[in-house]
Amino acid sequence: MSDFNEARQRMVERQIVGRGIRDPRVLAAMRSVPREAFVPDYLRDLAYEDRPLPIGNEQTISQPAIVATMLEAADLSPTDVVLDVGTGSGYAAAVAATLAAHVYSIERHAELVAVARDMLARLNISNVTVYLGDGTAGLAEHAPYDAIIAAAGGPHIPDVWRRQLAIGGRIVMPVGRELHYQKLIKLVRHGEDDYRSCSLGEVSFVPLVGADAWPAPDEHRRGADKSGGGGDSGVGGGSGEAGGRGVGGAERGRSCPRSAGEVAGLHGLLAVA
Ligand code: SAH
């Protein structure tokens, strides 16, 4: 067995099984996908550390335990069609692809799209399709989705995602009013207009940037300048309150039953950004 394979098996035992994640399909998926292939060359030796790693464009590949927690919560089955918002390196999409029929993944940075597509092709992963674009608009052409997973945090779950979710489908997304602090929310569509959500724990993801989330950093700075630049970490220019919806109502974060977050020790410990 190669060093990376051994490191991966150790990572799953310590970081994932060790945190209480039990879903055997998720564990098998995490044991099989080579995370080292999705991190930049100079960081390969750190591929199985218990942390997110930079992948360029100020973005990160998520911490392994976070990927496992989100996929366990998404409850994927082999016939599921998944929308993955925030392809980044393509790692989470690759893991999801071993659990589902097809993963449509969308990323706003063209450079990351190119690198992710290239690596997925090299690994012969043919059931992931990567799109360049703003995932806050969803992806109408392949809806409805059995699951929508987001690796970036926004002020609320975009309405269009709810509409693109199949009945019985699950959304797993970091939601919070601050750019780098969220609750990991699981929302299930029980019926046409019946959505119920709960919180898996506190997390820190990179911001979801798009028409129905946070403004891009340059717009953010412009907004802050316009408003006199308070220098706080919120978004500037009055766009930050997201129409007052924020994590209101059910999204505020009743704990999920047998919260995976609690089990995984998400509270303040796991960080993606
Ligand atoms: N799942 C990724 C994690 C990437 S971090 C992995 O396993 O590597 C989150 C990603 O979301 C970043 O690459 C960021 O550019 C992207 N992102 C942020 N807002 C987005 C949006 N509105 N649409 C698509 N991608 C977005």
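**Helix 1 against helix 2**

I started with the first helix pair: helix 1 (residues 3-16) packs on helix 2 (residues 24-32) at an angle of about 140 degrees, and their axes are 8 Å apart. This is a predicted model, so I am reading a prediction throughout. Angles over 145 degrees would count as roughly antiparallel, and at about 140 degrees helix 1 and helix 2 are therefore oblique to each other. I also looked up the hand of the crossing, and for helix 1 and helix 2 it is right-handed.

Next I wanted to know which residues of helix 1 and helix 2 meet. From helix 1 I noted Arg 8, Gln 9, Val 12 and Ile 16; from helix 2, Leu 27, Met 30 and Arg 31. Sorted by class, the residues of this contact come out as four nonpolar, one polar and two charged.

**The sheet**

I traced the strands and got an open sheet of seven, in the order 5-4-3-6-7-8-9, with mixed pairing. Strand 5 (128-132) and strand 9 (194-203) are the edges, each pairing on one side only. From one strand to the next, the twist averages 20 degrees.

I then zoomed in on the strand 5 edge. Strand 4 and strand 5 run parallel and are joined by five bridges. For one residue I checked the partner: Ile 106 has Tyr 131 in strand 5 as its bridge partner.

**Helices on the sheet**

What does helix 5 (residues 110-122) touch on the sheet? I found it on strand 4 and strand 5, and its direction makes about 165 degrees with that of strand 5.

Helix 3 (residues 64-74) was my other check. I have it lying across strand 6 (145-150), strand 7 (165-178), strand 8 (181-191) and strand 9. Against strand 7, helix 3 runs at about 145 degrees.

**Around the ligand**

Last stop was the ligand. I count 25 residues around it, of which Gly 86, Gly 88, Ser 89, Gly 135 and Gly 210 come nearest. By class, I wrote down twelve nonpolar, ten polar and three charged residues for the shell.

Which element gives the most to this shell? Strand 2 does, with three residues. My list of elements that each supply at least two residues has strand 2 (59-61), helix 4 (91-97) and strand 4 (102-107). Strand 4 thus turns up twice in my notes: it supplies residues to the ligand shell, and it is joined by five bridges to strand 5.

Technical notes. Residues are numbered from 1 along each chain as its sequence is written. This is a predicted model: local features need pLDDT of at least 70, side-chain atom pairs count only at pLDDT 80 or more; totals for chains, interfaces and linings use all residues. Axes are lines fitted to C-alpha atoms, for helices over the stretch in contact, and angles run from 0 to 180 degrees between N-to-C directions. Helices (H or I, at least four residues) and strands (E, at least two) are DSSP runs, numbered from the N terminus. Angles under 35 degrees count as roughly parallel, over 145 as roughly antiparallel, 65 to 115 as roughly perpendicular and the rest as oblique. A crossing is left-handed if the near helix is turned anticlockwise from the far one by less than a right angle, and right-handed if clockwise. Two residues are in contact if their C-beta atoms, placed from the backbone, lie within 7 Å. Ala, Val, Leu, Ile, Met, Phe, Trp, Tyr, Cys and Pro count as nonpolar, Asp, Glu, Lys and Arg as charged, and the others, Gly among them, as polar. A residue is near a molecule or strand if its C-beta atom, placed from the backbone, lies within 6 Å of it. Two strands pair if DSSP finds at least two bridges between them.
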